[in-house]
Amino acid sequence: MKKIEANIKPFKLDEVREALSALNVTGLTVTEVKGFGRQKGHTELYRGAEYVVDFLPKVKVELVVADHLVETALDAIIKAARTGKIGDGKIFVTNVEQVIRIRTGETGEAAI
């Protein structure tokens, strides 16, 4: 099993969720986060004053999938989240050693 963490632009969340639902990915966690990568923020004008926005709003989507679904899920996230502009985000994939469903005690892929 693998855990996929995708930091994406907030307005792309619905498209990513729909793309994953089409693959029968049943569960995911979404967190509002702030950060920056290569774009290193930007300046904005507010009431005539210019200020620097160091951290840009992003959404972190986390899901755990079986090994055979990893590439398909990654392709779906990339296609749904890509705008072609700087700041589209990043995806991180890590190994998951064990999953336990608290309610039933199921373990492994049955608990996903």
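A residue counts as buried when its relative accessible area is under 20%, and as exposed when that area is over 50%. The model used in these exercises is predicted.

**Exercise 1.** State what share of the residues in the protein is buried.

*Solution.* The protein has 112 residues. Of these, 30% are buried.

**Exercise 2.** Decide whether Lys 9 is buried or exposed, then describe its surroundings.

*Solution.* Step 1: find Lys 9 in the chain. The residue lies in the loop that links β1 (2-8) to α1 (13-21).
Step 2: compare its accessibility with the cut-off. Buried means under 20%; Lys 9 has a relative accessibility of 16%, so it counts as buried.
Step 3: list its contacts. Leaving out residues up to four places away in sequence, Lys 9 touches Lys 58, Thr 83, Lys 85, Ile 86, Gly 87 and Asp 88.

**Exercise 3.** List the elements of the protein in order, then decide whether the protein is more spread out than a compact globule or not.

*Solution.* Step 1: count the elements. The protein contains two helices and six strands.
Step 2: read them from the N terminus. The order is β-α-β-β-β-β-α-β.
Step 3: compare the radius of gyration with the globule rule. The rule gives 13 Å for 112 residues, but the protein has 17 Å, which is well over that value, so the protein is more spread out than a compact globule.
Step 4: add the box. Along the principal axes, the C-alpha atoms fill roughly 60 × 25 × 20 Å.

**Exercise 4.** Consider contacts between residues at least 6 apart in sequence, and state what share joins residues at least 24 apart.

*Solution.* Among these contacts in the protein, the share is 73%.

Methods: Residues numbered from 1 in each chain as written. Predicted model: local features only at pLDDT ≥ 70, side-chain atom pairs only at ≥ 80, totals over all residues. Heavy atoms only, no water. Helix = DSSP H or I, 4+ residues; strand = E, 2+ residues; numbered from the N terminus. Buried < 20%, exposed > 50% of the residue type's maximum accessible area, 1.4 Å probe, protein only. Contact = heavy atoms within 4.5 Å. Rg over C-alpha atoms; globule rule 2.2 N^0.38 Å.
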